[in-house]
Amino acid sequence: MADSELLASWQARIDISPFQRFLGLRVEHVGEGRLVLGLDWREDLVSNPATKTAHGGVLAAIIDLGGLYAILTAKATAVATVDLGVDYLSPFTGGRLRSTSNVVRLGSKVSTAETKITNAEGKLLASGRGVYLMGTRDT
């Protein structure tokens, strides 16, 4: 599969969810156990108009989704988030962010992935780790 076809295939998987479409996530890179997503700033992501910063829930959602989809790139099936930890390090105030998610451990019952979110200048905005229940769609 050519790179553009691979990216389009994973973009279609991301876009299957109305919430993920709302976020506007764009698949930038896919490798086994690794997923890079991009997101352009939009005013409707703002939590507090006085500070013009994105809501922390947006960053948490990206960490959660990035980790789960990174596990899926390893040809494994993650069916739900068991635990999610997020460290907010700097506010997202504009431009483009990049989320890089990597599988830490693939297990038969649970798997773990970590995600780092940076701004266009490479400054770390947030990081986190998710634990995901493994199984089949029937689980």
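Start with the aromatic rings: this predicted model holds one aromatic pair. Select Trp-41 and Phe-92 and show their side chains. The ring centres are 5.1 Å apart and the planes meet at 85°, so this is an edge-to-face pair. Now colour by element to see what the contact joins. Trp-41 belongs to the loop between E2 and strand E3 (46-48), while Phe-92 belongs to the loop between E5 and E6, so the pair ties together parts that are 51 residues apart in sequence. Switch on a surface and look for Phe-92: is this residue buried or exposed? Phe-92 is buried, at a relative accessible area of 1%.

Stay with rings for two more stops, this time with arginines. Select Arg-42 and Phe-22: the arginine lies over the face of the phenylalanine, 5.2 Å from the ring centre. Then jump to Arg-13 and Trp-10, where the charged end of the arginine sits over the tryptophan ring, 3.9 Å from its centre.

Next, hide the side chains and go to cartoon view for the sheet. You should find six strands forming an open sheet, ordered E1-E2-E6-E7-E8-E5, with antiparallel pairing. Which strands sit at the edges? They are strand E1 (26-31) and strand E5 (78-88), each of which pairs on one side only. Between neighbouring strands the turn is 20° on average, ignoring direction.

Zoom in on the E5 edge. Its partner is strand E8 (residues 124-134), and the two pair in the antiparallel sense over nine bridges. For a landmark, pick Asp-87, whose bridge partner in E8 is Ser-127.

Now add the helices. Helix H1 (residues 3-15) packs on the sheet, where H1 touches E1 and strand E2 (34-40). The direction of H1 makes about 120° with that of E1.

Finish with helix H3, residues 56-73. How many strands does H3 lie across, and which ones? Select E1, E2, E5, strand E6 (96-105), strand E7 (110-119) and E8: H3 lies across these, running at about 135° to E5. The helix has 18 residues and reaches 26 Å from first C-alpha to last, close to the 26 Å expected at 1.5 Å a residue. Bring the surface back and H3 turns out to be mostly covered, with 15 of its 18 residues buried. One last click goes just past the end of H3, to Lys-75, which takes a positive phi of about 60°.

Terms used:
Residues are numbered from 1 along each chain as its sequence is written. This is a predicted model: local features need pLDDT of at least 70, side-chain atom pairs count only at pLDDT 80 or more; totals for chains, interfaces and linings use all residues. Side-chain values use heavy atoms; hydrogens and water are left out. Helices (H or I, at least four residues) and strands (E, at least two) are DSSP runs, numbered from the N terminus. The expected span of a helix is 1.5 Å times one less than its number of residues. Buried means under 20% relative accessible area, exposed over 50%, partly exposed in between (1.4 Å probe, protein chains only). Two strands pair if DSSP finds at least two bridges between them. Axes are lines fitted to C-alpha atoms, for helices over the stretch in contact, and angles run from 0 to 180 degrees between N-to-C directions. Contact means heavy atoms within 4.5 Å. Rings of Phe, Tyr and Trp (its six-membered ring) pair if their centres lie within 6.5 Å; planes under 30 degrees apart count as stacked, over 60 as edge-to-face and the rest as tilted. A charge sits over a ring if NZ of Lys or CZ of Arg is within 6 Å of the ring centre and within 35 degrees of the ring normal.
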